[in-house]
Amino acid sequence: KKLSRITVRLGGCCSSARACPAYAEMAEHGEASSSGTPDLIVQVISKLLEDLVARNDQLPLVPAQVTPFHSSRPPAITVRNYLEDRILKYAGCSEETVILALIYIDQVVQFNPEFVINSLNVHRLLITAIMLASKFFDDVYYNNAYYARVGGISNSEVNSLEMEMLRMISFSLFVQGDQYERYRASLYSHVGQPPPPHAVAAAAGAAP
């Protein structure tokens, strides 16, 4: 059975996730507009995506399924290290940004049923979704060239991927507050604690 959408795995794939170590520091000017750095959320999402990729990599890749997000070979860096050691460390994402990025990735698959998340596209999906979510939610965010350096891709490529993801989700970045809270609660349920209170009641409903 093809496993594509991320939310189908929220039911139990991350229950054995380990505690995430604290980060030494965030990048300069990487202040988040949330209640804190999303260490636990990133831990869960990393496990979620790594499990999904491991299963989907067993499926044959049909040429018609290749998109601009697909690389010729899987990157050497793991999903967890890519999120922790590159994106979080140098882009300083808020919790809201990370959760919105997960929703955007889920919508890519929801709106494009033939798209399958695997080791060839997951890294580009992550950096692009994080960039779009940060632009939509955070008061201060980096330019595309900076995200390209963080993600290890060219500036022209990140520009192209930004437009491709927007097209794949019908240029809709707004997420209903109740949908955002369902994702947040589901992610926190895998670390055995309720979602902590946060300053922004409905991150998805904030004006861009």
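In which helix is E50 found? In this predicted model, E50 belongs to helix 1. Its relative accessible area is 28%, and because this value lies between the 20% limit for buried and the 50% limit for exposed, E50 is classed as partly exposed. Leaving aside neighbours within four places in sequence, the residues in contact with E50 are T78, V79 and R80. One of these partners is also reached through a polar atom: the side chain of E50 comes to 3.2 Å from the backbone nitrogen of R80. E50 can also be placed relative to N118, which lies 68 residues away along the chain, with 8.9 Å between the two C-alpha atoms.

N118 comes up again in the surroundings of H70, a residue of the loop between helix 1 and helix 2. Here the relative accessibility is 12%, so H70 counts as buried, the cut-off being 20%. Once neighbours within four places in sequence are set aside, H70 is in contact with L61, Q65, F115, V116, N118, L120, N121 and R124. With N121 there is a polar contact as well, side chain to side chain, at 3.1 Å.

Attention now turns to the interior. The largest nonpolar core holds 57 residues, and the members that touch the most others are I45, I87, V98, L100, Y104, I117 and L126. At least two residues of this core come from each of helix 1 (39-56), helix 2 (79-91), helix 3 (95-111), helix 4 (122-137), helix 5 (144-151), helix 6 (155-168) and helix 7 (177-189). Helix 4 supplies the largest share, eleven residues.

Helix 4 therefore merits a closer look. Of its 16 residues, 15 are buried, so the helix is mostly covered. Its length also fits expectation: at 1.5 Å a residue, the 16 residues should span 22 Å, and the C-alpha atoms at the two ends are indeed 22 Å apart.

How helix 4 meets helix 6 completes the picture. Two packed helices are described by the angle between their axes and the distance between the axes. For helix 4 and helix 6, the angle is about 75 degrees and the axes are 10 Å apart. The two helices are therefore roughly perpendicular to each other, since the angle falls in the range of 65 to 115 degrees. On the helix 4 side, the contact is made by R124, L125, T128, A129, M131, L132 and K135. Helix 6 contributes E157, V158, L161, E162, M165 and L166. R124 thus appears in this helix contact and among the residues in contact with H70.

Key:
Residues numbered from 1 in each chain as written. Predicted model: local features only at pLDDT ≥ 70, side-chain atom pairs only at ≥ 80, totals over all residues. Heavy atoms only, no water. Core = buried A, V, L, I, M, F, W, Y, C linked by side-chain atoms within 4.5 Å. Buried < 20%, exposed > 50% of the residue type's maximum accessible area, 1.4 Å probe, protein only. Helix = DSSP H or I, 4+ residues; strand = E, 2+ residues; numbered from the N terminus. Expected span 1.5 Å × (residues − 1). Contact = heavy atoms within 4.5 Å. Polar contact = N/O pair within 3.5 Å; in protein donor to acceptor, adjacent residues only side chain to side chain. Axes fitted to C-alpha atoms, helices over the stretch in contact; angles between N-to-C directions. Parallel < 35°, antiparallel > 145°, perpendicular 65-115°, else oblique.
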